[in-house]
Amino acid sequence: MLFERIFSLKTKTLLLIPPFFFLIIFIPACGNNPYPPENDQLIGYTALGEDPRTLDPAQVSDTTSAEILCQFYDALYQNAYLDRPYRVVPALAAGYPEKRIFYEDVQEKGETKKKARMEYIFKLRDDIFYQDDPCFPEGKGRRVVANDVIYSIKRLADPAVQSTGYWLVAGKIKGIDDFFKKAASAGKADYSQDVEGLKAIDDRTLKIILTEPFPAFIYVMSMPYTAPVAREAVEYYNAPGRNGFARHPVGTGAYRLKSWKRQHRIIMERNPNFRKEYYPSTGAPGDKEKGFLNDAGKQMPFLDEVWYTIISTAQPVWLLFLQGYLDGSGIPQEQFDRVVTKNLELSENFIKKGISLEIASDLDVHYLAFNMRDPILGKNKYLRQALSLSYDTDLYNQIFLNGRAINAQGPLPPGIFGYDPKLENPYKTYDLEKAKELMAKAGYPGGVDAKTGKQLELIYDIGSDSTRAREVATFDMRCFEQLGIKMKLQVNTWSQHLERSHKGTFQMFSLGWIADYPDPENFLQLLYGPNAPPNPNSSSFANPEYDRLYEKMKNMENIPEREAVIRKMVEIVIEECPWIFNVHSPSYVLRHSWSKNGKAHSISGNYRKYVRVDPKLRHVYWKAENKPNLAVLFYAALLLLLLSFPAVVMKYRRRIK
Amino acid sequence: MLNYIIRRLLLTIPTVIGVCLVTFLLFNVFASPEAVARKQLGKNPTKEQVKTWVTAHGMDKPMFFNFKPGKDGSIHPFDSRFWNHMGELLLFRFPKSDYLHEKVSDLLKQKIVPSLTITVPAFLLSLLSILPIALFIAYYRGTYIDRFALFICVILMSIVILNYIIFGQYLLAVVFKYFPIYGYDFGVGAWKFVFLPVILSVAAGLGGGVRFYRTVMLNEVRADYVRTAMAKGVSEERILFKHVLKNAMIPILTVTVLSIPFLITGSLLLEIYFGIPGMGNLMLNAINNHDYPVIRTLVYIYSLLYIGGSILTDISYTLVDPRVAFE
Amino acid sequence: MAESHLKIAVKRIKKDRLAVAGFCVICLFALIAILDSVPLPRRDVGGVKWTRTVLDALFQKEVEKSYSPPLAESGVLNRKEFQLQSRHLLGTNNLGEDVLYNALKGVRTAFIIGIVPSVIAAFFAILLGLLAGFYGGWIDDVIQYIYQVLSSIPGILLLIAMLMVMERGLWQLCVALGVTTWVGLCRLIRGETLKVKNMEYVEAARALGAGDLRLLFKHILPNVMYLVIIEVTLEFSSLVMSETVLTYIGIGVEPGTGSWGRMIMLADRELPNAIWWNLTGASVFLFVLVLAFNLFADALRDALDPRLREG
């Protein structure tokens, strides 16, 4: 009897105990470090929002892909890491190009005109090699030559490559349009066909002829689109049975791809074939104090590996950063008050943890575009100006951007040539009185159409259904509704959004533009008539005077005359009001104490090579911040024991019965 | 036995074809190829690029029958969207993902294991916890313990799984720092990341599971043979563990065996919340990115799994209960 | 015949005190939902015309600037304190909206999501289940084939595909959910129809010359109705909870409609900031409604289950 009693108790409890026992033993052993041991390697840990779409330089158009790609591929020029305002310095090129303007006779409509052309002669370094890869004979990366650059540029015009970068050179390089047309009709490009404006004088010298003077062309040679790629690599990896060149970068940068597990992690490792490049010795004012010049003159890259963990939601990024498992992070909007003080400095408890704050002025502008082709908005300047005056940018800034953004007065952001810090846009103040006056002037007193007596109804489009888009839309619509009009929200998917924009069937939506390169032309082209959709001039703004000035400004160097032309253009835009300018957003980047040389940038580039890490500091922080709370476990176990007591008692009572 | 399996499999063929038909209708009749192309081509694609994309993906071919001569000059009447779709799925020649540009079969190979590392332990742990608890409560049926436990179960069931995940992760990983809050590691290192999702998954299913199995057990307990056994003096534990459990197997099996094939598909929510690069994550990303090749392949595979699961369930019935004959 | 069963069922339910409590809670929530469905005549408030419901009139509060804890007098935005214009029982969210108000707005959505898809599903299930069970033969085969195919496709994928085709919206979501969940009930009804059609009273009615339709709707349908009622009430909780999950992964109702799922989704990133009231408000409302329905539905099922009728 006794035996049976004990035995049966055992069978029951034996089944219940293992799971809980298992947990309690292993929990302390777990710890929350998501990385395997580093083993003396210098590793940088960072996060990425999603998998890059492509690692083919000709196809990269989004920032995620650019962030990764730029570490693998260098172009002829690169953004200077420390200097501000932004400028380009040589990367694969040796020094700066020779430029010369010459004149050519051209037959146009039966007349002979003199057209100005510009010629660039670039020289390449002699110590630039591709990374080692099986696509090369014996797997050794070969020297980079001028023909590689020509090949890369031709790829932009090849429909089979599906490049997103042809616009960069379209109409600018002599002969490229012909090449493009022939390639488009054949369905793919014939690389043996010569382009008149692209000549390799020898392996190290490249001559490019432009159809018109375009001083900003050097920026074009700093973009990933023009990074030289090896034809062998493209053909090798695009062969059937292999995964495609877009998945197998073979580049010239400081790092090369080690592994890429989709939706999980990208690991890049030091490229042994990287040229000898040294950390800059000069920088912008304030860099020395921040310690950005401590590694001056040392050879790069400093890190052995960089780990990009793909994290699609924002909250884990922040938490992992606080725990020390990510070297850097932005500041989520909800956290801003805790992290940054009133004076926009880092708060006490963050400074104590050794975290530093870097503020970079983004080269961007955010705005609300009106569709100038819309019958209601397009012809009614006063209506647009009234809407602009009813929009409270400062409140928007307070709510959504923690007050850290700059109230945009015009299309150019600070840091770009032509930006006027004293510019005051008379329609950019928040003035409801004036707005209502203008509404009356526009024919809609109190928001009601004076002719029909019906309330004016406007449609606000958004291109995604994210919460943020919705919140912003709600805010914007509320501003306009103060004028007595009715606002309707139109939610689109991104592709519907593009369609509506191309067909011109929207009325207003909010947009942003980040500079591709730091020249004012990159912003002012957003309002250039011929750039109507599918090109970036989404509002289809077409003002003949503006267009004329644009064509003039485009070809000027950064001289005072250019500034005057730009000023006139901005005045036109302000008065015509095709956009409600919103903000220029600065980016706030937090860094841990062990991540050195992390200056913030607003244009993508090959910046990982400048970063250094101090593993000792990192491990000290990890240990201090991540101690598991074992006391709670103890109390929980106690509680469980207490709870099971009545059950045991009852069981024995039953037995006795 | 083999005959039965073969017959069942043959009978599922029309169902599988039906599934392919439905997915074809959904993904081809209702979504315009140009819109899909634009979504995949990123910033401002040109008309030519859109056209190239559409042609490369065979989406400009006619819907059902193709009577235009192809590149080699001859007519392939079955080179149409419909037949290509059916062939692709039924012959297991899976396509390439639009968004990730990798073959779907490769993606599947990468992502099945992470899903399994979560679902299999969760499944086993669930069974190991729920069954004994249910038996335990069945033992104390009618008492305050039973009613109390039942009430707790209903309360646990009424908490939506999101709350378990959000609060669970916050408490256990962020505040108490027992587990990594996010992420995964392939190979042996995966165990660290598996704990939290598994624990939360089991906890969320506890309420409903215990209640369900308790009902099943009690249904058996009310049966005649139990009364007889008790009258004969067999101990309660013995009755519960040996006899009731065995007879309750049919409803238990229905639920458990049917869910086995779905262990591969992974839990959407858990994978997204904890960053496990598994099948659920793949599916959700495919949906958000309008990656139709991945979506239709996944739908097809899930359907196959479901059908496989129901066949497995039927077979397991007969193994457990000889009274259930093959039809 | 069904009515006296109903009376017995009601009596049984009354005995279970928890179920009665659940029923009262359900009525309270239903009242809130009704209040939210009755529109008030448009009024001019500050020059802008709003559509308001009775609920809005009772509970809508001024929008503050940003977050504030429950029952606080001031909130903090960008390190600056700002005075609140009124007391908020459950605090305000990041846009300054009253949390209690948002939670109350979610009640109507919850009820619609909890009931309408089941009703739509029931429509298909009854129609097809009755036909399949009653006529048998090739009709039965075709209907069985249809629902075999549909049930083989994972629900969520079917749901998403349908939503990609239709626009996003509460009613579209209901239709999609209804269309993807009718299969289970259809199977049950078909099974029950098979049982009932051979019963004596049905044979008797047929002998008296009743036509097929009459048989179906007057005699068989009332006897399978209890399955429908049980199913509709049981499904309520899982439908409401699934709306929450669907919204979280991005597929649910459009924003602008009250939704607890949306509140929870936003609250996710607020927790480390010690902002707990948004998440708690939505979760508690959801929990109470689901719990009430669970308690009530259980009692209802026990009461209507014919096997327990004799006991």
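## Two sheets in chain A

Two strands are said to pair if DSSP finds at least two bridges between them. In this predicted model, that rule gives an open sheet of six strands in chain A, ordered β14-β18-β13-β17-β15-β16 and mixed in its pairing. At the edges of this six-stranded sheet stand β14 (406-407) and β16 (486-491) of chain A, each of which pairs on one side only.

Next to the edge strand β16(A) in that order comes β15, which covers residues 457-462 of chain A and pairs with β16(A) in the parallel sense over six bridges. One of the residue pairs to look for here is Ile459(A), whose bridge partner in β16(A) is Lys488(A). At the other edge, helix α13(A) lies across β14 and β18 (579-584) of chain A, and its direction makes an angle of about 45° with β18(A).

## The antiparallel sheet of four strands

Chain A also holds an open sheet of four strands in the order β4-β5-β7-β6, and here the pairing is antiparallel. Its edge strands are β4 (98-108) and β6 (198-202) of chain A, since each pairs on one side only, and from one strand to the next the twist averages 25°. Helix α3, made of residues 146-156 of chain A, lies across β6 and β7 of chain A and runs at about 170° to β6(A).

Strand β7 of chain A (residues 205-210) deserves a closer look, beginning with its partners. With strand β5 of chain A (residues 111-123), β7(A) pairs in the antiparallel sense over six bridges; among the bridge partners are Met118(A) with Leu210(A), and Tyr120(A) with Ile208(A). With β6(A), strand β7(A) pairs over four bridges, again in the antiparallel sense, and Ala200(A) stands opposite Leu206(A) of β7(A). The strands β6(A) and β7(A) form a hairpin, with two residues between them.

The side chains of β7(A) alternate along the strand. Leu206(A), Ile208(A) and Leu210(A) point to one face and are buried, whereas Thr205(A), Lys207(A) and Ile209(A) point to the other face and are not buried. The residues named above as partners in β7(A) can thus be placed on a face as well: Leu210(A), the bridge partner of Met118(A), and Ile208(A), the bridge partner of Tyr120(A), both belong to the buried set.

## Chain A as a whole

Stepping back from the sheets, chain A contains 21 helices and 21 strands, and its C-alpha atoms fill a box of roughly 120 × 80 × 55 Å when this is taken along the principal axes. Of the 657 residues in the chain, 41% count as buried. If one takes the contacts in chain A between residues at least 6 apart in sequence, 69% of them join residues that are at least 24 apart.

## Where chain A touches chain C

Chain A is in contact with chain C through 20 of its residues, which meet 18 residues of chain C. On the chain A side, helices α9 (314-323), α13 (393-401) and α15 (467-481) each supply at least two residues, and the largest share, four residues, comes from α15(A). Sorted by class, this side of chain A has five nonpolar, eight polar and seven charged residues. The helix α13(A), which takes part in this contact, is also the one that lies across β14 and β18 of chain A.

## Two helix pairs in chain B

In chain B, helix α5 (residues 104-139) and helix α13 (residues 279-288) pack at an angle of about 125°, with their axes 7 Å apart. Angles that are neither under 35 degrees, nor over 145, nor from 65 to 115 count as oblique, and therefore α5(B) and α13(B) are oblique to each other. From α5(B), Leu107(B), Lys111(B), Ile112(B) and Ser115(B) meet Met279(B), Gly280(B) and Leu282(B) of α13(B), a group that divides into four nonpolar, two polar and one charged.

Helix α6 (residues 144-157) and helix α8 (residues 191-221) of chain B have axes that come within 7 Å and cross at roughly 135°, which makes α6(B) oblique to α8(B). The crossing in which α6(B) passes α8(B) is left-handed. Leu150(B), Cys153(B), Val154(B), Leu156(B) and Met157(B) of α6(B) meet Leu206(B), Gly207(B), Gly208(B), Val210(B) and Arg211(B) of α8(B); by class, seven residues of this contact are nonpolar, two are polar and one is charged.

Note on methods:
Residues numbered from 1 in each chain as written. Chains lettered and ligands numbered in written order. Predicted model: local features only at pLDDT ≥ 70, side-chain atom pairs only at ≥ 80, totals over all residues. Buried ≥ 20, exposed ≤ 12 C-beta atoms within 10 Å, placed from the backbone. Contact = placed C-beta atoms within 7 Å. Nonpolar A, V, L, I, M, F, W, Y, C, P; charged D, E, K, R; others polar. Axes fitted to C-alpha atoms, helices over the stretch in contact; angles between N-to-C directions. Left-handed = near helix turned anticlockwise from the far one by under 90°.
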